[in-house]
Amino acid sequence: IQSNSLGIFKIGTDRLLRLELMYYLNKIGYSNREITDFLNVNNIKKIRSNDLYKPKDVWIGLKKYNYRLNRFNNDQILQIKEGLYVTPISSLN
């Protein structure tokens with residue numbers, strides 16, 4: 001079995017909420033510029049620098065979040081090996 005799920009680490013809840021909000025807005029048809037405007041109007045700032053969002057920040061955030069979501073569903077079964085083993089039963093005599 002090949003899995004990338006073990007390499008996925010837990011991120012903070014506030015960061016995860018921002019990524020899910022950006023992802024949701026993107027899925028319902030908002031452009032990166034519209035998502036940027038939405039975040040800035042609602043006074044949601046970047047976590048590390050506490051600056052306003054730019055369209056490139058939204059684009060790269062969505063790119064990395066999509067890559068993260070794809071890793072959850074990337075499990076593969078590479079090889080199945082079956083075997084039949086027969087062992088004699090010793091008599092009770």
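Just after helix H2 comes Asn43, with a positive phi near 60°. (Helices, H or I runs of at least four residues, and strands, E runs of at least two, come from DSSP and are numbered from the N terminus.) Helix H1 is likewise followed by a residue with positive phi: Gly29, near 110°.

A quick note on what you are looking at: this is a predicted model, where local features need pLDDT of at least 70, side-chain atom pairs count only at pLDDT 80 or more, and totals for chains, interfaces and linings use all residues. Residues are numbered from 1 along each chain as its sequence is written, and side-chain values use heavy atoms, leaving out hydrogens and water.

Let's turn to the helices themselves. In H2, the buried residues are Ile35, Thr36 and Leu39; buried means under 20% relative accessible area, exposed over 50% and partly exposed in between, with a 1.4 Å probe and protein chains only. These residues cover an arc of only 100° around the axis, so they sit on the same side of H2. The arc is taken over the directions from the helix axis to the C-beta atoms.

H1 has 15 residues and reaches 21 Å from its first C-alpha to its last, close to the expected 21 Å, where the expected span is 1.5 Å times one less than the number of residues. Its buried residues fall within an arc of 130°, so they line one face of H1. On the other side, Thr13, Leu17, Tyr24 and Lys27 are exposed.

| Helix | Buried residues | Arc | Cover includes |
|---|---|---|---|
| H1 | Leu19, Met22, Leu25 | 130° | H2 and H3 |
| H2 | Ile35, Thr36, Leu39 | 100° | H1 and H3 |

The largest nonpolar core (buried Ala, Val, Leu, Ile, Met, Phe, Trp, Tyr and Cys residues joined through side-chain atoms within 4.5 Å) has 10 residues, among them Ile11, Tyr53 and Tyr65. Helices H1 (13-27), H2 (32-41) and H3 (55-72) each give two or more residues to this core. Leaving aside neighbours within four places in sequence, Ile35 is in contact (heavy atoms within 4.5 Å) with Met22, Leu25, Asn26, Tyr30, Val58 and Leu62.

Finally, the open space. The largest pocket holds about 650 Å³ and is lined by 18 residues, with Arg15, Leu19, Ile60, Gly61 and Lys64 nearest its centre. H3 gives the most to this lining, with seven residues. A pocket here is an open set of points on a 1 Å grid over the protein atoms alone, where a 1.4 Å probe fits, with protein on both sides within 12 Å along at least five of seven lines; lining residues have an atom within 4 Å of a point.

Terms used. Grid points are joined across faces, edges and corners, and a volume is the space filled by probe spheres set on the points.
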